[in-house]
Amino acid sequence: MKFLLSVFLLFSLFVPLHAQTAAAGYEPTASNLAARQQFSDARFGIFLHWGLYSLFAQGEWYMQNEGIDKDEYAKAMNAFYPHAFNAREWIETFRQAGAKYICFTSRHHEGFSMWNTQCSPYNIMHTPYARDIVGELAEACHETGMGLHLYYSHIDWTREDYPMGRTGRRTGKDPQRADWPAYYAFMNAQLTELLTNYGKINGIWFDGVWDHDNDSIPFDWQLPEQYRLIHSLQPACLIGNNHHQTPVEGEDMQMFERDVPGENKAGLSGQAISRLPLETCETMNGMWGYKIKDQNYKSTPTLLRLLVRTAAKGANLLLNIGPQPDGQLPATALQRLREMGTWLHGPAGESIYATVAGPIAQGDSLVSTQGRTTGAVYLHLLSSELPAALNVPLPEKPASVEALLEGKPLPFVYSKKVKRLSVQLPQGEKVEVDYIVKITPQNRKR
Ligand code: GLC
């Protein structure tokens with residue numbers, strides 16, 4: 001009997017991710033479905049990677065990459081004093097940039113918690129700063145209607161009880177002291193705090209499951225139970241997991257790291273696309289956490305085109321910023337945000353927000369979005385020179401065709417026979433970001 005029991009326990013500990021959830025039977029609530037819709041309509045969010053690592057200014061993987069002893073690393077805590085941090089200012093900056101939600105690293109792989117947690121002293125309240133950063137951000141978000149997602153790492157490079165995966169092997173931990181039940185209870189207690197003490201949390205963004213993807217016996221993260229806990233505390237909270245696999249039961253959104261859905265240039269996104277809300281995350285420069293030498297910022301047109309291309313795939317863009325250790329956002333990031341905001345708050349906005357993937361795509365330089373409720377189709381021309389004319393399939397003769405940013409009608413011919421639309425385009429115009437042709441359908445004129 002004892003033997004059978006241990007075989008059973010062993011088996012239930014190590015089952016693949018997809019099998020783990022088979023019995024969960026997750027039915028999203030109506031509030032969760034509404035939250036999914038709201039999330040998809042948002043289309044643009046800001047990812048924030050901020051933790052102790054910002055002090056070292058080498059990105060959030062510094063501890064692992066350089067093999068820093070956990071106790072030496074933790075001394076940085078005594079120097080964390082981001083005197084220029086102002087949650088309201090950050091959120092206002094993101095609002096002006098056209099972002100509708102943020103995703104903040106509550107605790108990254110280094111293991112340091114950015115809120116007033118009772119589960120571990122390794123947290124922001126034990127720094128000289130001693131202010132609850134998650135709490136201040138939550139307040140600022142709730143005041144302004146900005147959505148709040150919290151990134152939460154499944155990995156911990158500091159805690160002894162986290163069973164070591166393929167990372168965090170040079171931080172001075174004793175593998176003999178691994179204690180999964182204790183670590184799992186710790187994570188769930190922390191998640192309970194986050195979902196109980198900070199009002200509405202729109203999403204939990206997990207990361208790190210891949211740490212055990214080289215294990216000879218599949219590691220059981222016990223995700224279904226953790227997901228159930230989250231949904232029992234806040235049913236509308238969207239759960240996403242950056243496991244680089246097709247979503248499993250209990251998850252409410254699907255993330256793609258550094259690629260628009262359907263592309264796999266970065267090598268982390270070969271997984272099938274689900275019917276859940278989609279989100280692509282990408283850095284503004286090269287690194288997620290603040291890295292002093294990384295000035296390799298993408299230009300504003302490149303970032304806006306990325307936003308357009310993600311929207312055209314029916315996905316959100318979660319664009320990352322690594323705040324400085326003093327609590328300021330890097331000046332170049334601020335400049336990019338201002339320019340993106342000018343574009344998004346102008347006429348282009350309606351071709352991004354509350355849209356779905358459009359019906360027309362011709363390579364990389366012509367993609368489309370479609371108003372979810374209006375049915376208007378937006379053709380986005382992303383080449384630097386405009387072609388003389390466009391010829392695209394369309395089921396019905398449109399009511400009007402216009403250049404959205406210029407607000408001018410465009411001459412068009414519709415062939416009922418072949419169900420195609422030809423649009424004449426102005427010549428000699430340079431396109432810096434996007435030339436948008438709005439096609440308004442007959443029945444639903446705006
Ligand atoms: C990767 C990195 C992590 C980062 C995340 C963001 O998983 O390990 O540092 O937070 O990507 O997508």
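1. The largest nonpolar core (buried Ala, Val, Leu, Ile, Met, Phe, Trp, Tyr and Cys residues joined through side-chain atoms within 4.5 Å; buried means under 20% relative accessible area, exposed over 50%, partly exposed in between, with a 1.4 Å probe and protein chains only) has 90 residues, of which Phe-94, Ile-102, Phe-104, Ile-133 and Ile-204 touch the most other members. Helix H9 (residues 180–197) gives this core its largest share, eight residues. Helices (H or I, at least four residues) and strands (E, at least two) are DSSP runs, numbered from the N terminus.

2. This is a predicted model, in which local features need pLDDT of at least 70 and side-chain atom pairs count only at pLDDT 80 or more, while totals for chains, interfaces and linings use all residues. Residues are numbered from 1 along each chain as its sequence is written, and side-chain values use heavy atoms, with hydrogens and water left out.

3. Among the residues that Phe-104 touches (heavy atoms within 4.5 Å), not counting those up to four places away in sequence, are Trp-50, Trp-90, Ile-133 and His-149.

4. The structure holds 18 salt bridges (a side-chain nitrogen of Lys or Arg within 4 Å of a carboxyl oxygen of Asp or Glu). In one of them, Glu-160 pairs with Lys-70, the closest N and O atoms being 3.7 Å apart. Glu-160 lies in the loop between strand S3 (147–153) and H9, and Lys-70 in helix H6 (residues 70–74), so the pair ties together parts that are 90 residues apart in sequence. Both Glu-160 and Lys-70 are buried. A network of salt bridges links these two with Asp-71 and Arg-177.

5. Arg-309 and Glu-263 meet in a salt bridge at 3.3 Å, N to O. Both residues are buried.
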